[in-house]
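Let's take a walk through this protein together, with the sequence and the 3D view open side by side. We will begin at one helix and work outwards from there.

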Amino acid sequence: MAHLIRHKISSKIISIVNSASHKSERKVSGVFARLGFQAATDEEAIAFAERDGLDYEYRHGMRMEEVRTSGEREGMVAGDSHYQRHGTAPPGSRKTSESSDAQGAQDKITAWDAGWNVTNAIQGMFVLGLPYAILHGGYLGLFLIIFAAVVCCYTGKILIVCLYEENEDGELVRVRDTYVDIANACCAPRFPVLGGHVVNAAQIIELVMTCILYVVISGNLMYNSFPGLPVSQNAWSVFAAAVLMPCAFLSNLKSVSKLSLLCTIVHFIINVMVIAFCLSHAQDWAWDKVKFYIDVKKFPISIGIVVFSYTSQIFLPSLEGNMQKPAEFHCMLEWTHIAACILKGLFALVAYLTWADDTKEVITDNLPPGIRMWVNIFLVAKALFSYPLPFFAAVDILEKSFFQGGDGTPFPNCYGTDGRLKSWGFAMRIGLVVFTLLMAIFVPHFALLMGLTGSLTGAGLCFLLPCLFHLKLLWRKLLWHEVFFDISICIIGSICSISGFIYSIEGLIEAFKYNIPD
């Protein structure tokens, strides 16, 4: 009897345990099926799977609608859904997404690459005119080099800030791509394209003037390198333009970019050579010539020279947009401008201390004849290989602004249906080269042209416009000290721009009137 009772109790317990075990298995199986780790084998698991399938389709459809909407609004790639980003997309789409992401990552540049580009822009050949700024400004000229570096670094940062806006979630989203986009946004809705036209005009003037300066400095350096030859500076400029004429026929800048990189390194070596020569004459430095005084007529020209040497705002938006880590942009901009400030200030000061009142507009003209010839030849090569870069940038803006045909531009498209440049398109490019030559012949004054360009467009693009755009787009979000900085820079920039432009024009008129050599 006792044995029978024990058997019934044990059978009941086993039945209860088995029932609980089956229920647990079904629940666990359903959970794992939901997570996608194993297939469902019972009714409950199948129900979970069916419910998950419907839920996936619903959520996937909702996410795709969000992506389409945000893609249209923010320029995202269609199909970049939540599931694709987390690796649960179908195999084919995942592979396509990964390959496109890898390709995009390869096309991006690092902070060091971006810093190298900025350094090339703000520490190029035009540092050769900085000792001339010390000549007419003394210690104030040296202070101006530091001040311009600080201001240009600040305006470069706020220009990039103007590319972004906050979305509904409070996240910063890049809604603009170029300097022109920022200008158009500031003038909308009343004048939606006026700002872009103003910026394009300033960019074209600055780029063309840069090309002119390269031709001027090429003629100047060659003339001073071979003073015994019966060849004038204008004739050397013609030779330089003849060498540059094939720029109109180049289809890409790959080979030119490689040579430009080599010449940039050579230019850095030349700067070191000039500083070394100056240091070798340190015992003769004229410290008493550096004073706290300014030449009222010449110092505003020096302001334009210094500002022009720091001009890089034109390409900063595209540079930041092509960085692998845009968050590193501000740091990169700071150390490049700090390095530029130190090197420029050192170069300008030691060069002026060496030659004092005999300092010329292009400082290498002060070197002894033997050294001068080789240094100038390398600098001419650097100038000639640097010319195509601003030339093609100017051509690109001109073609997009005037020669698109049927796209709101006044002239027909300068490219054929096969993508080849038409004959009159070549004529336009050749005409631009000839124009830079004519300007270099009739206005062969490097420092005055540099000061004029810096005062006319450099101050506008580097000082005025970034601050005005910053105030217009972010007025309600700015702190009081940011508003103060922006307004102060606008006032100082306006004074420097107007005074520098007036005195540069007066200097050019005086140079023509009294036939003052460069």
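A good place to start is helix α8, which spans residues 179-187. Its buried residues are Tyr179, Val180, Ile182, Ala183, Asn184 and Cys186. What lies over them? The cover for these buried residues includes α7, α9, α13 (316-321) and α18.

Before following those neighbours, here is the wider setting. Please keep in mind that this is a predicted model. The protein chain has 19 helices and two strands. It runs to 518 residues, and 45% of them count as buried. Among contacts with a separation of 6 or more, 73% are accounted for by residues 24 or more positions apart.

Now turn to α18, one of the elements covering α8. This helix takes in residues 446-474, and threonine 457 is found in it. Is threonine 457 buried or exposed? Its relative accessible area is 4%, and buried means under 20%, so threonine 457 is buried. Leaving aside residues up to four places away in sequence, threonine 457 touches Ala202, Ile205 and Glu206.

Another part of the cover over α8 is α7, and this helix has a partner of its own to look at. Helix α6 (residues 130-137) and helix α7 (residues 139-161) have axes that come within 6 Å and cross at roughly 135°. Why is this crossing called oblique? Angles over 145 degrees would count as roughly antiparallel and those from 65 to 115 as roughly perpendicular, so roughly 135° makes α6 oblique to α7. On the α6 side, the contact is made by Ala133, Ile134 and Gly137, while α7 brings Tyr139, Leu140, Gly141, Leu142 and Ile145. Sorted by class, this contact has six nonpolar residues, two polar ones and no charged ones.

Next, find the loop between α9 (194-225) and α10, where phenylalanine 226 lies. With a relative accessibility of 23%, phenylalanine 226 counts as partly exposed. Not counting residues up to four places away in sequence, phenylalanine 226 touches Trp236, Met373 and Ile377. Take methionine 373 as an example: 147 residues separate it from phenylalanine 226 in sequence, yet the two are 7.2 Å apart in space, C-alpha to C-alpha.

Let's finish with the aromatic rings. A pair of aromatic rings is described by how far apart the centres are and by the angle of the planes. How many aromatic pairs does a search of the whole structure find? The search finds 13. One of them joins phenylalanine 249 and phenylalanine 426, which are stacked at 5.3 Å centre to centre with 25° between the planes. This pair links distant parts of the chain, 177 residues apart: phenylalanine 249 sits in the loop between α10 (233-244) and α11 (254-280), and phenylalanine 426 in helix α17 (residues 423-442). Phenylalanine 426 is partly exposed, with a relative accessible area of 25%.

For a contrasting geometry, look at phenylalanine 484 and phenylalanine 485. Their ring centres are 6.1 Å apart and their planes stand at 55°, so this pair is tilted. Phenylalanine 485 is partly exposed, at a relative accessible area of 40%. Together with Tyr154, Phe484 and Phe485 form one aromatic cluster. One more ring is worth a visit: lysine 344 lies over the face of tyrosine 310, at 3.5 Å from the ring centre.

Definitions and conventions: Residues numbered from 1 in each chain as written. Predicted model: local features only at pLDDT ≥ 70, side-chain atom pairs only at ≥ 80, totals over all residues. Heavy atoms only, no water. Phe/Tyr/Trp six-rings, centres within 6.5 Å; stacked < 30°, edge-to-face > 60°. Helix = DSSP H or I, 4+ residues; strand = E, 2+ residues; numbered from the N terminus. Buried < 20%, exposed > 50% of the residue type's maximum accessible area, 1.4 Å probe, protein only. Lys NZ or Arg CZ within 6 Å of the ring centre and 35° of its normal. Axes fitted to C-alpha atoms, helices over the stretch in contact; angles between N-to-C directions. Parallel < 35°, antiparallel > 145°, perpendicular 65-115°, else oblique. Contact = heavy atoms within 4.5 Å. Nonpolar A, V, L, I, M, F, W, Y, C, P; charged D, E, K, R; others polar.
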